Amino acid sequence: MPTAMITGITGQDGSYLAEFLLERGYEVIGMVRRSSTVTFERIQHLQDNVTLIQGDLHDQSSLVDVIERFRPDEVYNLAAQSFVPTSWNQPVLTGEVTALGVTRLLEAVRLVNPDTRFYQASSSEMFGKAKEVPQSELTPFHPRSPYGVAKVYGHWIAVNYRESYNLYAVSGILFNHESPRRGLEFVTRKISNGVARIKLGLANELRLGNLEAQRDWGFAGDYVEAMWMMLQQDQPQDYVVGIGKTHSVRQLCDCAFSYVGLDYQDYVVQDPLFYRPAEVDLLIADPAKAQAELGWKPKISFEELVHMMVESDLKRVSKELI
Ligand code: NAP
Ligand code: GDD
């Protein structure tokens, strides 16, 4: 039975990846942070089937311990301070976790078991003020937030450990992927939750920032398969993963509100509070390499994703009302 270790297992992607790996017969070890309240909502249904162990990307010895104790065949580094606006408020913490945390984990792998295969969760935010459209593995980076800058560091340190120490280390440059398990502060979930609350009479407006930003949005459940595929290749390489289509936040609002028979223009209020100091205007993937070499194909379209998220929030908010 192969063993996989996931950092960030309590996050959106970690929960889908754990499900995916369990279905394939893996023993799954999840590294979790100690906190005064339990934050295992997304993996509650998996708790009997995964082993959870405390550790933190700030703490080198906790990372060495977990690798020594379980000697995983595959390590998926999904943990990060992942919310872009927070990275302006907490730039140093973001750098510590999202950038240096990658080096700490790579060092643990290199020192304890260099045969471990390593996945780094890189991001389309690294393209930032994008130099070309669409963006591929060859597009230069121009990050626009402390988060994006930290991810560029994480990306290059994974490449560097591959080139310096011959580790099987890969970076997946993933475009935005969403689900009913997405954090409530990200725009897709903020909108699906807002639509549900308005439809059920609990709110009468939804305050958002820039409606013209465009993203290449896909379903998180599809993207974790690409992570796994990247670790099953003969040679370690980096891949761009996205759908290859882009929609604006405005189109997202239209899709979500019209699904429940409402007009977004009656409810959405633009609020400068949610504008960013520097914006990423347009992201769109060129996933040709992942499709050709990994055989990866997304199964859920943008419209299906938005409808799935609104349905899920309608159910959840309705339950809260009972
Ligand atoms: P998420 O839901 O925000 O999950 C982040 C995870 O990191 C949580 O489990 C969190 O634990 C953990 N974490 C944060 N700080 C930590 C620390 N110091 N030590 C250990 N664990 C820590 O993020 P996601 O959407 O699943 O994304 C997964 C990864 O992919 C992230 O690295 C993200 O930057 C990257 N990424 C995401 C997307 C996307 O569209 N979702 C696209 C490209 C790249 P707690 O539960 O305790 O907070
Ligand atoms: N969060 C948020 N809230 N975003 C808003 C709002 C709002 O009220 N109004 C407009 N937006 C716009 C943002 O300005 C941004 O252009 C876009 O919606 C998407 O914002 P987020 O959903 O917060 O995601 P992100 O693109 O900044 O970052 C996500 O995707 C990256 C991959 O490209 C995160 O998951 C990152 O961790 C990930 O790396």
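Pro134 sits in the loop between β5 and α5, and the peptide bond that leads into Pro134 from Val133 is cis, with omega near -5 degrees. The model is a predicted one. Besides this loop, the briefing covers a second backbone feature at Arg71, the surroundings of two ligands, and two helix pairs: α1 with α7 and α6 with α8.

**Backbone features**

- The Val133 to Pro134 bond is cis, and Arg71, although not a glycine, has a positive phi of about 40 degrees.
- Arg71 is placed in the loop between α2 (60-70) and β4 (74-77).
- For background, most peptide bonds are trans, and most residues other than glycine have a negative phi.

**Ligand 1**

- Ligand 1 is surrounded by 26 residues, and the closest are Thr10, Asp13, Arg33, Ser82 and Tyr147.
- By class, this shell holds 10 nonpolar, 11 polar and 5 charged residues.
- Arg33 uses its side chain: a polar atom there lies 2.7 Å from an oxygen atom of ligand 1.
- Asp13 and Gln12 use their backbones instead. A backbone N or O atom of Asp13 is 2.8 Å from an oxygen atom of ligand 1, and a polar backbone atom of Gln12 is 3.0 Å from an oxygen atom of the ligand.
- On its own, ligand 1 exposes 910 Å², of which the protein buries 88%.
- Three elements, α1, β5 (117-123) and α5 (146-165), give two or more residues to the shell around ligand 1.
- The element that gives the most to this shell is β5, with 3 residues.

**Ligand 2**

- Around ligand 2 there are 23 residues, with Ser123, Ser124, Tyr147, Arg276 and Glu279 the closest.
- The shell around ligand 2 divides into 10 nonpolar, 6 polar and 7 charged residues.
- Two backbone contacts are made to oxygen atoms of ligand 2. A polar backbone atom of Ser82 is at 2.7 Å, and a polar backbone atom of Val187 is at 2.8 Å.
- Arg215 contributes a polar side-chain atom, 2.8 Å from an oxygen atom of ligand 2.
- The accessible area of ligand 2 on its own is 710 Å², and the protein covers 95% of this area.
- Tyr147 is listed among the closest residues to ligand 1 and also among the closest to ligand 2.
- Ser82 is among the closest residues to ligand 1 and has its backbone contact with ligand 2.

**Helices α1 and α7**

- Helix α1 (residues 12-23) and helix α7 (residues 220-230) have axes that come within 9 Å and cross at roughly 65 degrees.
- This crossing of α1 and α7 is right-handed.
- From α1, the contact is made by Gln12, Asp13, Tyr16, Leu17, Phe20 and Leu21, and from α7 by Ala220, Gly221, Val224, Glu225, Met227 and Trp228.
- The contact of α1 with α7 has 8 nonpolar, 2 polar and 2 charged residues.
- Gln12 and Asp13 take part in this helix contact, and the backbones of Gln12 and Asp13 also contact ligand 1.

**Helices α6 and α8**

- Helix α6 (residues 187-199) packs against helix α8 (residues 249-259) at an angle of about 35 degrees, the axes being 10 Å apart.
- The crossing of α6 and α8 is right-handed.
- The residues in contact are Val187, Thr188, Ile191, Val195 and Ile198 of α6 and Val249, Leu252, Cys253, Ala256 and Phe257 of α8.
- This contact of α6 with α8 has 9 nonpolar residues, 1 polar residue and no charged residues.
- Val187 belongs to the α6 side of this contact, while a polar backbone atom of Val187 is 2.8 Å from an oxygen atom of ligand 2.

Definitions and conventions: Residues are numbered from 1 along each chain as its sequence is written. Chains are lettered from A and ligands numbered from 1 in the order in which they are written. This is a predicted model: local features need pLDDT of at least 70, side-chain atom pairs count only at pLDDT 80 or more; totals for chains, interfaces and linings use all residues. Side-chain values use heavy atoms; hydrogens and water are left out. Axes are lines fitted to C-alpha atoms, for helices over the stretch in contact, and angles run from 0 to 180 degrees between N-to-C directions. Helices (H or I, at least four residues) and strands (E, at least two) are DSSP runs, numbered from the N terminus. A crossing is left-handed if the near helix is turned anticlockwise from the far one by less than a right angle, and right-handed if clockwise. Contact means heavy atoms within 4.5 Å. Ala, Val, Leu, Ile, Met, Phe, Trp, Tyr, Cys and Pro count as nonpolar, Asp, Glu, Lys and Arg as charged, and the others, Gly among them, as polar. A residue is near a molecule or strand if one of its heavy atoms lies within 4 Å of it. A polar contact is a pair of N or O atoms within 3.5 Å; within protein, one must be able to donate a hydrogen and the other to accept it, and residues adjacent in sequence count only if both atoms are side-chain atoms. Accessible areas come from the Shrake-Rupley method with a 1.4 Å probe; for residues, only the protein chains shown count as cover.
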